[in-house]
Amino acid sequence: MDSKSSVKKQKIFTPIFLLSALITGVFSVFSLISPDTLSNNMTFIQSLFATQYGWVAMIIPVFCMMLLVVLGISRYGNIVIGGENAKAEYSIFSWISMLFTASIGIGIIYFGVNEPIYAYILSPASTQAPSVMEAAREAMGTALYHWGVSVWAIFSVAGLVMAYFVSKHKIRYLPGDVIEKSFGKRKWVPITKSFMNILAVVCSAMTIAATLGLGSVQITTGMNQVINIDNSYSTILPYLVLILLLIVCLFASTTKTVGKGMDIIGRWNVYLAIFMLAFAMFFGPTRYILNQVVQLLGTFIDQLIPRNFDMFLFSLDPTYSTTWDVANNMWWISWTPFMGVFIASISKGRTIRQFAFTTMTIPVIFMLLWHAAFGGVALLDKVLGTGKIAQFALENPDMTFFAILQTMPWPKLTAIATIILLIMFISTTVTSAALSLARMTDIEGKEAAPVRSAVWVILMTVIALTGIFATTLGGNEALNSIKSLATTLSYPYLFFFILMITGFIKQLMKDKPPV
């Protein structure tokens, strides 16, 4: 009996799991004890790195876009993940829904609506524009650049690389194994592989923990809008919300029908998001939103390539590119380890062509409409209105979305819908991350054991909990420091990501292309 239980323990608590969990735990304790110190140190490292290598972060999305287009129109586009006769496990809608809700879903409510305001106030393209009209147009374009095709190109390539190697060459769900398969027995491969795998796990855990904490705070804000909770209870509300999310995510990540559950939640997430979008278009300033859609589409097409190369070298604020554009791209790079694993796990039966074109069109169209409807309304209030929404964006960003809803009919009902949407977004993000981390810390890199998935959910929740606790003691620095740490960890991972792409291209050329 003892031997059996010890074997079971060894399979769950693997060396890579224990080491990465320990490192993650140490960082989370540091963020609780001294969030200001951690945030300042991480910001300094980011600034140092961005100054020297920010140009790499700027051209990576362009390279990913070019790679996907070239593969999509070539014979390689016919390659089917899982083999020529593999059948897709999910419909296109379900597949895209899960990709969307597992990645940037929560962000479109928390950060997405604030982006046009930030760009209008801070971006040299706006602040140095010759007119208010030009500044507002540039601000909307910058916001969509931060959340549009660049993001999806990065995620799509990360998922494609992992899916190709897992299905074609039977590697484990570990980014480092891509390097080992591609570059063979070179002397630098073993240490690179091990370091990359540990870094991928820690980076993913910190990224999702920060997202979970920020999402919990925003849910609390929404509940205060609906119920008007007494101050004596409002301080404990974020913890109650986090416990609720913990229970939901634990159940979602350990149930036997997790794939079906993710499919259902992903689809309903998108249904509700589409409903919120349609509501804003019908009951908000409809003519303005439709005009904004047309104008933003033109700006997007005009800036599609040039915006990715703009370093603002001769502007009055030459640091903008490194502190905003580069940092934004690196934040998305920090998502690639677990997103690559998650996308690979749900993409059986999909072709490279579908990776190339579906993921870079459908979600981007939705983001364009969302930015026009919500971010556009926030910017309208800043330029021609009272400026109250912009004040929320600068001082209390988790309130901005609810402030926009206050300008439309039935704000309490739409606030309830937003709370539900946030809960589902966070649940799918954390669950997909936990499943990915469970695979990445499996001894064989294949099995997402329920116990290991549950441990990762608990660990990420504890990190978010420490961030919220420290935030209640002294400002927003704790959660920001966790987010800053995740972004900083993505800087070395950027070069591993480039190495993965290089190995993928090398392996594609080596493998026989389809006829």
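Here is a chat about a predicted model, taken one feature at a time.

Colleague: Let's start inside. How many of the 11 residues of helix H4 are buried?
Modeller: Helix H4 spans residues 92-102. Its buried residues include Trp95, Ile96, Met98, Leu99 and Phe100, and Ser94, Ser97, Thr101 and Ala102 are on the list too. The helix is largely enclosed by the rest of the structure, because the buried count out of 11 is nine.

Colleague: Now helix H20. Which residues sit on the face turned away from its buried side?
Modeller: H20 covers residues 388-395, and Ile389, Ala390 and Ala393 are buried there. Those three cover an arc of only 100° around the axis, so they lie on the same side of H20. The face turned away from that side carries two exposed residues, Lys388 and Glu395.

Colleague: Is Ser123 buried or exposed?
Modeller: Ser123 is in the loop between helix H6 (115-122) and helix H7 (124-127). Buried means under 20% relative accessible area. Ser123 has 0% relative accessibility, so it counts as buried.

Colleague: And how far apart in space are Ser123 and Trp324?
Modeller: Along the sequence, 201 residues separate Ser123 from Trp324. In space, going from C-alpha to C-alpha, the distance between Ser123 and Trp324 is 8.7 Å.

Colleague: On to charges. Which residue forms a salt bridge with Arg137?
Modeller: Side chains of opposite charge can pair when their charged atoms come close. Here the closest N and O atoms are 3.0 Å apart. Both partners belong to helix H8 (residues 132-147), and they are separated by about one helical turn because they are three residues apart. The partner of Arg137, partly exposed at 24% relative accessibility, is Glu134.

Colleague: What about Asp177 and Arg172: which of the two counts as buried?
Modeller: Their side chains meet in a salt bridge, 2.7 Å from N to O. Arg172 has a relative accessible area of 23%, so it is partly exposed. The other partner has 5% relative accessibility and therefore counts as buried: Asp177.

Colleague: Which residues are linked with Arg172 and Asp177 in a network of salt bridges?
Modeller: The Arg172 and Asp177 pair belongs to a network of salt bridges. Joining Arg172 and Asp177 in that network are Glu180 and Lys193.

Colleague: Where does the salt-bridge partner of Arg307 lie?
Modeller: Arg307 forms a salt bridge with Asp325, with the closest N and O atoms 2.8 Å apart. The pair links distant parts of the chain, 18 residues apart, with Arg307 in the loop between H15 and H16. Both Arg307 and Asp325 are buried. The place of Asp325 is helix H16.

Colleague: How many salt bridges does the count come to?
Modeller: A pair counts when a side-chain nitrogen of Lys or Arg is within 4 Å of a carboxyl oxygen of Asp or Glu. By that rule, the count of salt bridges is six.

Colleague: Out to the surface, then. Which helix gives the largest share of the nonpolar patch?
Modeller: The patch is about 640 Å² and is made by Tyr53, Trp55, Ile59, Leu304, Ile305, Phe309 and Phe495. Leu304 comes from the loop between helix H15 (286-303) and helix H16 (320-333), and it is partly exposed, with a relative accessible area of 31%. The largest share, three residues, comes from residues 35-73, helix H3.

Colleague: There's a positive patch too. Which helix does Lys510 lie in?
Modeller: Lys510 gathers with Lys181, Arg186 and Lys506 in a patch of positive charge on the surface. At 66% relative accessibility, Lys510 counts as exposed. The helix of Lys510 runs over residues 477-510, and that is H24.

Colleague: Any odd backbone angles? What is the phi of Lys170?
Modeller: Most residues other than glycine have a negative phi. Lys170 lies in the loop between helix H9 (149-169) and helix H10 (175-183), and it is exposed, with a relative accessible area of 61%. Although Lys170 is not a glycine, its phi is positive, about 55°.

Colleague: And the phi of Trp410, what is that?
Modeller: Trp410 is in the loop between helix H21 (400-405) and helix H22 (411-440). Its relative accessible area is 49%, so Trp410 is partly exposed. Trp410 is not a glycine either, yet its phi is positive, at about 50°.

Technical notes. Residues are numbered from 1 along each chain as its sequence is written. This is a predicted model: local features need pLDDT of at least 70, side-chain atom pairs count only at pLDDT 80 or more; totals for chains, interfaces and linings use all residues. Side-chain values use heavy atoms; hydrogens and water are left out. Patches are made of residues with over 30% relative accessible area and no salt bridge: like charges are joined within 9 Å, nonpolar side chains (Val, Leu, Ile, Met, Phe, Trp, Tyr) within 5 Å. Accessible areas come from the Shrake-Rupley method with a 1.4 Å probe; for residues, only the protein chains shown count as cover. Lys and Arg count as positive and Asp and Glu as negative; His and the chain ends are not counted. The place of a charge is taken as NZ of Lys, CZ of Arg, CG of Asp or CD of Glu. Helices (H or I, at least four residues) and strands (E, at least two) are DSSP runs, numbered from the N terminus. Buried means under 20% relative accessible area, exposed over 50%, partly exposed in between (1.4 Å probe, protein chains only). The arc is that of the directions from the helix axis to the C-beta atoms.
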